[in-house]
Amino acid sequence: MPTRLFTLVAVVVVLASGGCSGAGETGDEPPEPPESPETQPVVDGYSTQPARIYVDESRDDWASLSPRHVDPDGQGTDIERLSVAHSEEYLFLQLAVRPAINLQEDNDLTLYLDTDNDPTTGAQALGLGAELSWTFGERSGTVVRGGTTREVSHADIGLTTLPTVRSDTFEVALDRSAAPGGASLFEGDSLRIGLSSSGDRLPNAEGGLGYVLSEADLPLDAPTIEGPPGAALRLLSYNSVNNFDLGRSAIFDPERQPSFRRIFDAVGPDVIAFQEVYDQTAAETEEAAEGALGLSTEWTWAKRGADLVLGSRYPILEAHTIPGYETNRSAAFLLDAEAALGSRLVVVNMHPPCCNYGPDDGEPSRNAQRQQVVDGVLAFLRTLKQGEGPFPVAPNTPIVVMGDMNFVGSAQHPQTLRTGQIVNTDRFGPPVAPDWDGSPLLDTTPRQVASPLHTTWIDTESSFPPGRLDYAFVTDSVLEVVHEFVLHTPALPQDVRAAHGLQAADTRTASDHLPVVIDVAPR
């Protein structure tokens, strides 16, 4: 590393360590970056920017950092801005493009990393010798080592991208310990970066952008499994993946049940919202819960819709099916939570259609189907607030909306659920401000324990990289979220797993979705 670069590293470390206090603070809308931001200091063609980044769909923790390169001059998919940062564990990128795209589908945006900083090795592209080439929209890439090209998956390179919906800004994380084919992906402390699409490249000059992986001792502000003393009630949302060949949800699989039991023992939920319990009844779920899953016999259970089951240590007073798209319906449950919250509690469990394939003949697109399911929930909340719902609730009764939302296409879906901006007004009526005080719902955005990632779905066998599919929204005018987390047991330190009776493979064994947990208290 050049001498002048050591000085640059020291300066940027000081700036980064003191400039990220906004991480984790969220407002209604993320701050817009300046039109012509000052880019990172570059010495001898290299920059560095150690920073504690959380991959959470927010721009907050990037706001105090400088982009590496700004280049708004392309056609088609215009690559406008690249920001780069790193920790000891990850290389982080923030990409700004125009127009908005779905990063995981239908684009040819390609990342090139010359990880040994040698233009004579690797694949020749953009004046780089790229050890890694990854095309986001094709969800595939290659690694070149010793003249041999090897196809790699997202799991091979430890790739995470958010959001999973259409956007003009994306966060990308690459695991610095990744070793595809047994060889370390990041060989040294410097690399070069390039991007291309059918309409643009970044940078325009050959040779990419130099970046140094300097020392980055940045403690992780990690959530814990234990809730704070002020927590009153703990809710858990869990897609317990259904095996259609066997006709049963994973919570009924004897090989998976020990992992589920350890997870429930460690988390200690008061309410569980299950998705993908298609072939079993509420009574059968209760039998498994009280037996192999180790939950209390005092819990009550109810099922509505095709696959939505709720279990609660507090009595379930009523249950209702919420219209959506054909059989894709949501479920509402009224709980007597007086002992915990001093009031009743409404829990809405959701599971809109997945994926973006199709549509079949005569069917609307998957995006349109999901929008109808989301619109239906907002219409239900409107009638509930007006005192015209299927069960009566007093004003200011806390409401939690959670589930596997499958938000992988239109950004309108989470926008509608949060703000009440109903799209299909001809069927579901006018928009509604969903919280009791006329404000949006709070999107809780929990993060994995011991990780900077907010992803809730991981399938190493799928071509799709980890995503945030599972959500929890609350009426935060009357309900305070005092703690939240996503449980991913492989990310936990061994001493934490041991303290909670967990095994490294538990969440991977149980389901491809991760448990999403929120602790709430009366506001």
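In what order do the five strands of the open sheet stand, and is their pairing parallel or antiparallel? The order is S2-S3-S4-S12-S11, and the pairing is antiparallel, where two strands count as paired if DSSP finds at least two bridges between them, and where helices (H or I, at least four residues) and strands (E, at least two) are DSSP runs numbered from the N terminus. The edges of this sheet are strand S2 (69-70) and strand S11 (159-162), each of which pairs on one side only. S2 is joined to strand S3 (residues 78-86) in the antiparallel sense over two bridges, and histidine 69 stands opposite leucine 82 in S3.

Before going further, the reader should know that this is a predicted model, in which local features need pLDDT of at least 70 and side-chain atom pairs count only at pLDDT 80 or more, while totals for chains, interfaces and linings use all residues. Residues are numbered from 1 along each chain as its sequence is written, and side-chain values use heavy atoms, with hydrogens and water left out.

Seen as a whole, the chain has a secondary structure of 11 helices and 29 strands. Its radius of gyration is 24 Å, close to the 24 Å that the globule rule gives for 523 residues, so the chain is as compact as a globular protein of that length; the radius is taken over C-alpha atoms, and the rule is 2.2 Å times the number of residues to the power 0.38. Along its principal axes the C-alpha trace spans about 70 × 50 × 50 Å. Of the 523 residues, 56% count as buried, a word that stands for under 20% relative accessible area, whereas exposed means over 50% and partly exposed lies in between (1.4 Å probe, protein chains only). Among contacts (heavy atoms within 4.5 Å) between residues at least 6 apart in sequence, 69% join residues at least 24 apart.

A second place to look is strand S13 (residues 190-196), where seven of the seven residues are buried. In a regular strand the side chains alternate between the two faces of the sheet. In S13, Ser190, Arg192, Gly194 and Ser196 point one way, Leu191, Ile193 and Leu195 point the other way, and all are buried. S13 pairs with strand S5 (residues 110-114) in the antiparallel sense over five bridges, and arginine 192 in S13 is the bridge partner of aspartate 114. Four bridges join S13 to strand S15 (residues 209-212), again antiparallel, and here the bridge partner of arginine 192 is glycine 210. Strand S14 (residues 201-202) is joined to S13 by two bridges and runs antiparallel to it, with leucine 202 in S14 as the bridge partner of leucine 195; a hairpin of four residues leads from S13 to S14.

Leucine 202 also takes part in a cis peptide bond, which runs from this residue to proline 203 with omega near -5°, and proline 203 itself is found in the loop between S14 and S15. Another cis peptide bond, with omega about -5°, joins arginine 98 and proline 99, and proline 99 has its place in strand S4 (residues 90-101).

Positive phi values mark several further positions. Asparagine 117, in the loop between S5 and strand S6 (123-125), has phi near 55°, a positive value in a residue other than glycine. Glutamate 326 has phi near 45° and is found in the loop between strand S22 (316-325) and strand S23 (328-335); at 53% relative accessibility, glutamate 326 counts as exposed. Glycine 420, just after helix H8 (residues 412-419), takes a positive phi of about 85°.

Within H8 itself, His413, Pro414, Thr416, Leu417 and Arg418 are buried, and what covers them includes strand S24 (345-350), helix H7 (366-385), strand S25 (399-404), S26 and S27. The loop between strand S26 (442-443) and strand S27 (470-474) holds threonine 456, which is buried with a relative accessible area of 1%. Leaving aside neighbours within four places in sequence, the residues in contact with threonine 456 include Arg468, Val486, Asp512 and Val516.

Serine 249, in strand S18 (residues 248-249), is likewise buried, at 0% relative accessibility. Apart from residues up to four places away in sequence, serine 249 touches Ser240, Val241, Asn242, Glu276, Val277 and Gln280.
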